[in-house]
Amino acid sequence: MGTTGLIERVFAWEALDSRGTPTVACEVSLSSGATGTVIVPSGASTGRHEAHELRDGGQRYGGRGVQQAVRNVNDVLGPAVKGHDAGDQRGLDGLLREADGTANLSALGANAVLAVSLAALIARAHHESTDVWRLLLDGRDPLMPLPMVNIVSGGAHAGGAVDIQDVLVVPVGASSFAEAIEWSWRVRLATAQACEARRLPATLAADEGGLGPRLDSNRQALELVAEGLERSGLQPGSDVAIAVDVAATQLWRDGSYRLEAEGRTVDASGLLAEIESWCDTWPVVSVEDPVADDDWDGWSEASRRLGPRVQLLGDDLFATNAGRLSRGAADGIANAVLIKPNQNGTVTGTSDVLEQARTAGYATVVSARSGETEDSWLSDLAVGWRAGQIKVGSTTRSERTAKWNRLLRIEAEPGGVAFAGRQALGGSHVDV
């Protein structure tokens, strides 16, 4: 790159995410004239072990403003990386972490740090006249991810319409990403029609574009999606299957799990028994966060009971954190890891956790957040890192379709790009 790829200017401002909540936007300019711009996402269902997202507090935006994080970019992080070669991403991320000085980026804010890290990566791609996904391949072949697509939502994503957070479709039998998205679209439409047949309002109430009807039980959410699979004309199990994000940390109350929509409280064993019954009844291939993030005993039980039959996916549990993943791997906990850049705070830190998971034999799922933006860099990360799976949301709302559309564009490259398919799933259930 020579000296033409040096960071010359870092500028941040306050923008809005898909929920209308403030977030950090950042532009990194290089001495070559290339620029990279990002608007970082944020989550509604956030685990306590994630890197720290800095918020202002006070009255403005209900305390959710990010003016201090913006100032931290402009006044601290920008000067810290000025003159650094954008081609040295690891060195850049090291400077950002050093400027913050805390393990969880709580001094300057992970939202501030990630904004600079990602914007510099994108600026480098523009400088080299290439795509971000190509930069990340490091001599490997690209891989299109198998999508998980949100169909029915509850929990923190849909005002508690049901207790569990999401029921998703996984197009396990698709032969390409384009076919996978079309099949997912069919299931979502068919599930909306099932809602109408049951006189349930099929409104887009959920943060990620899924349907958010108020239901009498969590089981009914799976019944509804299962009916959508049947109505779609696709074959349940062989063409399309179900994934469930329980987000059980949100249900944790003093050592038990409170199912408000059903008016009952259960222990970890009771909750796992319920989830097992779902797996017995429907073609469930992935279960995310079936117990709370710090319920390690519950996770051990979940790994014994569910791990042999489904992809057992840790989100709040691992929080894209190397230390927590090391503990989980040592104890045989889960078999798949959700990868969220803003849980970690830097590009290389996130990629290191993904590689750590892969080395330990875990499946990896790159994931968006409920508070997303119009950016599509997440899709490039999933392809360039060969993650195998991606979880973005539903097939509606432009902050979601921006990611799907980017993947459709990548797959349309002359010569094609290999599609991961059902083999990317964790667990031992490939032949559901």
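Which helices and strands are included in what covers the buried residues of H11? Keep that question in mind while you follow this tour through a predicted model, and begin by selecting helix H11, residues 347–359.

**Stop 1: helix H11**

Colour the buried residues of H11, which are Val347, Thr348, Gly349, Thr350, Ser351, Val353, Leu354 and Ala357. If you now show what surrounds them, the cover includes helix H2 (89–100), H3, helix H9 (322–330), strand E13 (336–339), helix H10 (341–344) and strand E14 (363–367). You can also check the length of the helix with a distance tool: at 1.5 Å a residue the 13 residues of H11 should span 18 Å, and because the end C-alpha atoms are 18 Å apart, the two values agree. At the N-terminal end, select Thr346, which caps H11 through a side-chain oxygen that lies 3.0 Å from the backbone nitrogen of Gly349. Beyond the other end, look for Gly361, which follows H11 and has a positive phi, near 90°.

**Stop 2: helix H2**

Move next to H2, one of the elements that cover H11, and colour its buried residues, Gln89, Leu92, Asp93, Leu96 and Asp100. Turn the view until you look down the axis of H2, and you will find these buried residues within an arc of 95°, so they line one face of the helix. What covers them includes strand E1 (7–16), helix H1 (67–81), H3 and H11. The twelve residues of H2 should span 16 Å at 1.5 Å a residue, which agrees with the 17 Å between its end C-alpha atoms. As with H11, a glycine comes afterwards: H2 is followed by Gly101, whose phi is positive, near 85°.

**Stop 3: Thr320**

Now select Thr320, in the loop between strand E12 (311–314) and H9. Is this residue buried or exposed? Thr320 has a relative accessible area of 1%, and is therefore buried. A polar atom of the Thr320 side chain lies 3.0 Å from the backbone nitrogen of Lys340. Leaving aside neighbours within four places in sequence, the contacts of Thr320 include Leu338, Ile339, Gln343 and Asn344, and also Thr350 and Val353, both of which you coloured among the buried residues of H11.

**Stop 4: Asp375**

Continue to Asp375, in the loop between E14 and helix H12 (377–384). Asp375 has a relative accessible area of 13%, which means that it counts as buried. Its side chain makes a polar contact of 3.1 Å with the side chain of Trp377. Select Val40 as well, and you will see two residues that are 335 places apart in sequence but 8.4 Å apart in space, C-alpha to C-alpha. Apart from neighbours within four places in sequence, Asp375 is in contact with Thr37, Val38, Ile39, Ala402 and Lys403.

**Stop 5: the largest nonpolar core**

Finish with the largest nonpolar core, which has 136 residues, and in which Cys26 and Ile242 touch the most other members. Helix H3 (residues 110–127) supplies the largest share of this core, 13 residues. Select Ile242 and show what it touches beyond four places in sequence, including Val167, Leu168, Val170, Leu222, Trp282, Pro283 and Ser286. Then select Cys26, which counts as buried because its relative accessibility is 0%. Another cysteine to inspect is Cys279, which is buried with a relative accessible area of 10%. How many disulfides are there in the model? The count comes to zero.

Methods: Residues numbered from 1 in each chain as written. Predicted model: local features only at pLDDT ≥ 70, side-chain atom pairs only at ≥ 80, totals over all residues. Heavy atoms only, no water. Core = buried A, V, L, I, M, F, W, Y, C linked by side-chain atoms within 4.5 Å. Buried < 20%, exposed > 50% of the residue type's maximum accessible area, 1.4 Å probe, protein only. Helix = DSSP H or I, 4+ residues; strand = E, 2+ residues; numbered from the N terminus. Contact = heavy atoms within 4.5 Å. Expected span 1.5 Å × (residues − 1). Polar contact = N/O pair within 3.5 Å; in protein donor to acceptor, adjacent residues only side chain to side chain. Disulfide = S-S within 2.5 Å. Arc of directions from axis to C-beta.
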